[in-house]
Amino acid sequence: MIENKELLNIFNADYNERISYLKQNDLKLAHYTSAAVALKIIDNKEIWLNNVGNMNDYREVELGKNLLAKTFNKTDEGKRLKNILSEIDKDLSKNLIVRYNKIVDDLDNTYAFCLTEHKKDYDKYGKLSMWRAYAPKNGIAIILNLEPFIEEARKTSAFTIPMFYYDYEEFADKFKEFVDKIEENIDLFKTITTEEALEFLYRKFLVSVLSLKHKGFEEEKEWRILYNNIVYIPDELVIEKFEMVNGIPRIVYVLNFEQLNDFGYSTNLNNILYKIIIGPSDNPKQLQEIFIKKLKENGVTNAESKVVISEIPVRI
């Protein structure tokens with residue numbers, strides 16, 4: 001575990017900015033899905049992480065790989081970063097390249113559970129674009145409180161990150177900002193071991209690839225719980241299963257969220273659930289009744305006030 005707070009602020013600047021935005025605006029995180037899947041989440045207290053290759057953006061991960069490779073290997077800023085790293089240790093740049101190249105293909109084996117930022121303005125309706133894309137008929141939005149997603153989990157190597165939506169120019173600008181920060185703080189890097197410096201840089205490369213999406217998806221404002229048992233340390237809480245997803249057999253990784261009670265507060269369903277919104281449906285009132293009963297069965301208090309029917313007038 002990386003402990004140096006000054007260096008963490010350098011490497012996590014964009015992440016910390018998004019966390020601050022969530023807190024300052026009192027946002028929640030929402031998962032849009034079918035009613036059937038939502039019931040499984042409630043009954044089993046578990047979420048399914050799907051392979052990133054099955055997401056709507058068919059260039060998942062590849063975009064991040066390509067932009068990082070181009071910027072690091074073929075630009076002046078990439079050369080500048082290598083020169084700065086050589087001042088810290090003559091082999092640091094080479095070792096970073098070797099370590100990253102060993103796992104770059106394995107990044108395709110990353111699994112994700114997808115969420116979107118939820119404003120209080122959406123409490124009545126949900127978000128139209130999300131209904132259309134992920135729950136067009138008989139869908140459910142599960143709205144979750146923020147705390148489990150912004151604290152470091154100690155029991156699992158699964159982790160939560162925001163997605164960023166950059167074209168090449170924007171990515172290059174962010175890369176330059178990062179190089180500037182390393183150059184400005186080079187003396188700080190010299191106070192830690194070469195292996196620690198390598199770990200910081202390696203993790204930054206991984207997250208840069210895994211958190212990048214095409215700008216066409218920017219309005220989704222997505223966050224993800226990610227798991228990769230090849231690149232990161234595997235753990236016993238995330239279990240591989242074979243499941244049918246939309247009629248297609250898939251490998252999924254299953255995480256029981258109630259087993260993650262290690263944040264200083266409870267992660268049971270009653271504590272993490274903010275609201276359930278019934279989307280455009282054949283019989284929304286019946287779905288509302290079903291979900292109220294299910295929440296009560298699973299120990300959720302004030303269930304009636306937590307299940308609402310979206311007032312958005314969409315034809316299904």
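K221 sits in the loop between β7 (212-213) and β8, where helices (H or I, at least four residues) and strands (E, at least two) are DSSP runs numbered from the N terminus. The phi of K221 is near 45°, a positive value in a residue other than glycine. At 36% relative accessibility, K221 counts as partly exposed; buried means under 20% relative accessible area, exposed over 50%, and partly exposed in between, with a 1.4 Å probe and protein chains only. The model is a predicted one, in which local features need pLDDT of at least 70 and side-chain atom pairs count only at pLDDT 80 or more, while totals for chains, interfaces and linings use all residues. Residues are numbered from 1 along each chain as its sequence is written, and side-chain values use heavy atoms, with hydrogens and water left out.

A second residue invites a similar look. D26 lies in the loop between α2 (13-24) and β1, and has a positive phi of about 50° although it is not a glycine. Most residues other than glycine have a negative phi. D26 is partly exposed, with a relative accessibility of 36%.

Stepping back to the whole chain, the model contains 14 helices and twelve strands. Its C-alpha atoms fill a box of roughly 65 × 40 × 40 Å along the principal axes. The radius of gyration is 21 Å, which agrees with the value near 20 Å of a compact globule of 316 residues; this radius is taken over C-alpha atoms, and the globule rule is 2.2 Å times the number of residues to the power 0.38. Buried residues make up 49% of the 316 residues. Contact means heavy atoms within 4.5 Å, and among contacts between residues at least 6 apart in sequence, 83% join residues at least 24 apart.

Two helices can be followed in some detail. Helix α11 (residues 194-210) has 17 residues and reaches 24 Å from its first C-alpha to its last, close to the 24 Å expected at 1.5 Å a residue; the expected span is 1.5 Å times one less than the number of residues. Twelve of the 17 residues of α11 are buried, so this helix is largely enclosed by the rest of the structure. Among the buried residues of α11 are F200, Y202, K204, F205 and L210. Helix α4 (residues 62-74), with 13 residues, spans 17 Å between its first and last C-alpha, close to the 18 Å expected. In α4, the buried residues are L63, G64, K65, L67, L68, T71 and F72. Their cover includes α5 (76-88), α6 (92-103), α9 (168-184), α11 and β7.

The end of α11 also offers a link to another part of the chain. F164, in strand β6 (residues 164-165), is 46 residues from L210 along the chain, and the C-alpha atoms of the two are separated by 9.5 Å. F164 is buried, with a relative accessible area of 14%. Leaving aside residues up to four places away in sequence, F164 touches D14, Y15, R18, S211, L212 and K213.

Another buried residue is T116, with a relative accessible area of 1%. T116 belongs to strand β3 (residues 111-118). Not counting residues up to four places away in sequence, T116 touches K28, L29, A30, Y32, K127, M130, E220, K221 and E222, a list that brings back the loop residue K221.

Empty space comes next. On a 1 Å grid over the protein atoms alone, a cavity is a set of points where a 1.4 Å probe fits but cannot get out, and a pocket is an open set with protein on both sides within 12 Å along at least five of seven lines; lining residues have an atom within 4 Å of a point. Grid points are joined across faces, edges and corners, and a volume is the space filled by probe spheres set on the points. The second largest pocket holds about 990 Å³. Of its 38 lining residues, the closest to the centre are T33, N50, Y134, V245 and N246. Elements that each supply at least two lining residues include β1 (28-34), β3, β8 (222-227) and β9 (238-245). This lining divides into 20 nonpolar, nine polar and nine charged residues, where Ala, Val, Leu, Ile, Met, Phe, Trp, Tyr, Cys and Pro count as nonpolar, Asp, Glu, Lys and Arg as charged, and the others, Gly among them, as polar.

The search of the whole structure finds one cavity of 30 Å³ or more. The residues V52, E60, V61, T110, V209, L210, L212, R224 and L226 line the largest cavity, and α11 and β8 each supply at least two of them.
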